[in-house]
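Here's a quick briefing for anyone meeting this structure for the first time. Have a look at the model, then read on for the highlights.

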Amino acid sequence: MMEIKDSSSKTFFGHPRGLATLFFTEFWERFSYYGMRAILIYYMYTAVVDGGLGFSQATATAIMSIYGSLVYMSGVIGGWTADRILGPRRTIFYGGVLIMVGHIALSFPGGATALFVSMFFIIIGTGFLKPNVSNVVGDLYPEKDQRRDAGFSIFYMGINLGAFIAPFIVTSVSDSANSYHAGFGVAAVGMAVGLVVYVITGKMYLRDAGKQVPNPLKSTEKKKMSGLVIGLAIGIAAIFTVIGLLQGEYSLETVIMTVTVLGVIIPLLYFIVMMTSKKTTKDERARLTAYIPLFLISVMFWMIEEQGSTTLALFAANRTDLSVGGFTLNPGVFQSLNPMFIIILSPIFAWIWTKMGKRQPGTPRKFALGLFFAGLSFVIMMLPGILAGNTTTAVSPLWLVFSFFICIVGEMCLSPVGLSATTKLAPAAFASQTMSVWFLSDSMAQAFNAQATQYFNADTEILYFGIFGFGAVAFAILLFLGAPLLKKNMRGVD
């Protein structure tokens, strides 16, 4: 990784000026993504005569989950493209262009075709942009620069600020224009602004950060790659064919099932390769064995957390009293709760872990706490239906606020710790690939959600939340009790 020293006297909150470029680039990328996500599920299941696509709610939640799953899968492609072909800087730029094109496609009435075209561009674009922005942030600092962690904290704030304000602005524009497409247009403008900021200020402040291609393809490797791409395409086509034959048709359901299968197969193959590799030492294999349960727990956590934009979005629209203080809320604004609580809780948890020092729980028990709180957030969502005696009465929006808050408490215990644990438990020869596996836990979770969320409706609401909630709590307790065994296999890593 190339390290860039900033000799300029001007700084961004005491950090290299290039951090401002990346801060606002990611700010606007998250603005466009969360703004689009705030209204997308409603656009899909709203009747055609009312400006939507007329999908069933079950199909809409499945598509949202598949969308999220593919976004995280595409990060593997974006990381490889930056490492071997374009370098991070150019990969980020092309990613932003693809995202903008995707949002533009959604801003025009084009029916389901425009939706799926836009998803394709946004999925690939996000995979190109998101993982590489973080890499360039690291390039801004010399290796032993004490400002590095603080710089990432500022950058992380930009991510969540963009995600926080987007739902308010996009839903407001959509409501005022009485058109979902106007809201999608705002998301496109957001990404366009991000690209302008990136290009203009990047030339001045990023200098050579991220320009280098770390491991460029050799001519012999390029020939092998063509065969690999063909083989991969044949493999995916074969999976489509088998699932299509089993279902008796090729349809949207076939695509959903195929992505679900890929969401399981890709991480599984990663683990098999790393476990069987001669480059993996005995201690590393033991650590990897300990990492697998943590990976599966993270899958269970993200299955609940990611339903904020699916089942909880349906709950916001169909089960929540949206009249507050003389105003009528758009259900899409609840998507701001997730980033808002992350902004509030991140410094608090950083202080808690620092204050506890050696007395803080080990990694497995932090994971257990994360899953416990996630499960509790869904147990809480059983109560409105139980207390009202039905699942048709509109209930206070505070139920959703409390549920989101409890889930993000869990995220503070699991997500940052998971990133750290991945870097510590990864085999040396597979450090980058193991980080890709960590992000694939979210992809696998949303692949499973594509199947599970289709069963959520008014009749199943209490049972649905109960199965997810109590199931997660039970596994969290098992992990908490089994933590000493996992810690033993971690071979000195904590």
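Let's start with disulfides: in this predicted model, the count comes to 0. For background, a disulfide is a covalent bond between the sulfur atoms of two cysteines. Two cysteines worth finding are cysteine 407, which is buried at a relative accessible area of 7%, and cysteine 413, also buried, at 2%.

**The chain as a whole**

- The chain has 16 helices and 2 strands.
- Of its 494 residues, 52% are buried.
- Take the contacts between residues at least 6 apart in sequence: 80% of them join residues at least 24 apart.
- The accessible surface adds up to about 21,900 Å², and carbon and sulfur atoms account for 68% of that.

**Salt bridges**

- How many salt bridges does the structure hold? There are 4, and three pairs get a closer look below.
- Some background first: side chains of opposite charge can pair when their charged atoms come close.
- Lysine 130 pairs with glutamate 26, with 3.0 Å between the closest N and O atoms. This pair links distant parts of the chain, since lysine 130 sits in helix α4 (residues 111-139) and glutamate 26 in helix α1 (residues 18-45), 104 residues apart.
- The two partners differ in cover: lysine 130 is partly exposed, with 25% relative accessibility, while glutamate 26 is buried at 1%.
- Glutamate 306 and arginine 37 form another salt bridge, at 3.6 Å from N to O. Here too the pair links distant parts of the chain: glutamate 306 is in the loop between α9 (282-305) and α10 (311-318), arginine 37 is in helix α1, and they are 269 residues apart.
- Glutamate 306 is buried, with a relative accessible area of 8%, and arginine 37 is buried as well, at 11%.
- Arginine 319 and glutamate 461 also make a salt bridge, their closest N and O atoms being 2.8 Å apart. Arginine 319 lies in the loop between α10 and β1 (323-324) and glutamate 461 in helix α16 (residues 461-489), so this pair ties together parts that are 142 residues apart in sequence.
- Are arginine 319 and glutamate 461 buried or exposed? Both are buried.

**A nonpolar patch on the surface**

- Phe93, Tyr94, Val196, Val199, Ile200 and Met204 form a nonpolar patch on the surface, and together they have about 510 Å² of accessible area.
- Which helices each supply at least two residues of the patch? They are α3 (88-106) and α6 (180-205).
- The largest share, 4 residues, comes from α6.
- One patch member to look up is valine 196, found in helix α6. Valine 196 counts as partly exposed because its relative accessibility is 47%, below the cut-off of over 50% for exposed.

**Two helices, end to end**

- Helix α2 (residues 57-86) has 30 residues, so at 1.5 Å a residue it should span 44 Å; its end C-alpha atoms are 40 Å apart, which agrees.
- Right after α2 comes glycine 87, with a positive phi near 85 degrees.
- Helix α8 (residues 252-276) has 25 residues and runs 36 Å from its first C-alpha to its last, close to the 36 Å expected at 1.5 Å a residue.
- Many residues of α8 are listed as buried, including Thr254, Ile256, Thr258, Val259, Leu262, Tyr270, Phe271 and Met274.
- A handy rule for reading any such list: an α-helix has 3.6 residues a turn, so residues three or four places apart point the same way.

**Two residues and their neighbours**

- Serine 377 belongs to helix α12 (residues 363-380) and is buried, at 1% relative accessibility.
- What is serine 377 in contact with, leaving aside its neighbours within four places in sequence? Its contacts are Ile304, Ser403, Ile406 and Cys407; Cys407 is the buried cysteine from the start of this briefing.
- Glutamine 360 is in the loop between α11 (337-356) and α12. With a relative accessible area of 25%, glutamine 360 is partly exposed.
- Not counting residues up to four places away in sequence, glutamine 360 touches Trp353 and Lys366.

Notes: Residues numbered from 1 in each chain as written. Predicted model: local features only at pLDDT ≥ 70, side-chain atom pairs only at ≥ 80, totals over all residues. Heavy atoms only, no water. Expected span 1.5 Å × (residues − 1). Disulfide = S-S within 2.5 Å. Buried < 20%, exposed > 50% of the residue type's maximum accessible area, 1.4 Å probe, protein only. Patch = residues over 30% accessible without salt bridge, like charges linked within 9 Å, V, L, I, M, F, W, Y side chains within 5 Å. Areas by Shrake-Rupley, 256 points an atom, 1.4 Å probe, with all protein chains shown as cover. Salt bridge = Lys/Arg side-chain N within 4 Å of Asp/Glu carboxyl O. Contact = heavy atoms within 4.5 Å.
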